[in-house]
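Q: Hey, I've just opened this one and don't know where to start. Can you walk me through it?

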Amino acid sequence: GGIAAIFYTEPVFTMDLDIFVKIKPDSKNKIVLLTPIYDYLQSKGYSWIGEHIGIEGMPVQFFAVSGLEEEAVENSKEIIYEGIKTKVIKAEYLIAIALKVGRGKDIERIKRFIEQADIDKTELSKILKRHNLNAKFNRIENQG
């Protein structure tokens, strides 16, 4: 969300880092468990900060993905950030995810993307169509 957006728009304050992960559900219960990730991090000395785990001073949350978010992760772009190879979700998917969530700050983020980022409008249109988000996007775009 907020951290990924800074690769495309002017930075704004964000309190945490969201990490999307693809995890296969437990075959017996069909439940996705993030516990192994958090247990591993705790074993390495990282501790809870409210609903986040603190990693090198940054509050972090992990989210298991499916649907739109899984597609976003699969189509993320590789970058080098401070000498570390990582992946960042493309701007077009960040818009779609923000639209899906739809909180006030998400709508503001979409408006910043429209104003500031170099968006592939054809790709965005295809993503929005696949995930039935066109009408929501058109309402925001028409608001200006």
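A: Sure, one bit of vocabulary to begin with: Ala, Val, Leu, Ile, Met, Phe, Trp, Tyr, Cys and Pro count as nonpolar, Asp, Glu, Lys and Arg as charged, and the others, Gly among them, as polar. This is a predicted model, where local features need pLDDT of at least 70 and side-chain atom pairs pLDDT 80 or more, while totals for chains, interfaces and linings use all residues. Numbering runs from 1 along each chain as its sequence is written, and side-chain values use heavy atoms, without hydrogens and water.

Q: OK, how many helices and strands are in the protein chain?
A: Seven helices and six strands, taken as DSSP runs numbered from the N terminus (helices H or I, at least four residues; strands E, at least two).

Q: What's the strand order in the open sheet of four strands?
A: The order is β1-β4-β3-β2, with mixed pairing. Strands pair if DSSP finds at least two bridges between them.

Q: And why is one side of β1 and of β2 left without a neighbour in the sheet?
A: Because β1 (17-21) and β2 (48-49) stand at the edges, each with a single partner strand. β1 pairs with β4 (residues 58-64) in the parallel sense, over five bridges. In that pairing, L17 has V60 as its bridge partner in β4.

Q: Switching topic: how much of the protein chain is buried?
A: 35% of its 144 residues, where buried means under 20% relative accessible area with a 1.4 Å probe, protein chains only.

Key:
Buried means under 20% relative accessible area, exposed over 50%, partly exposed in between (1.4 Å probe, protein chains only).
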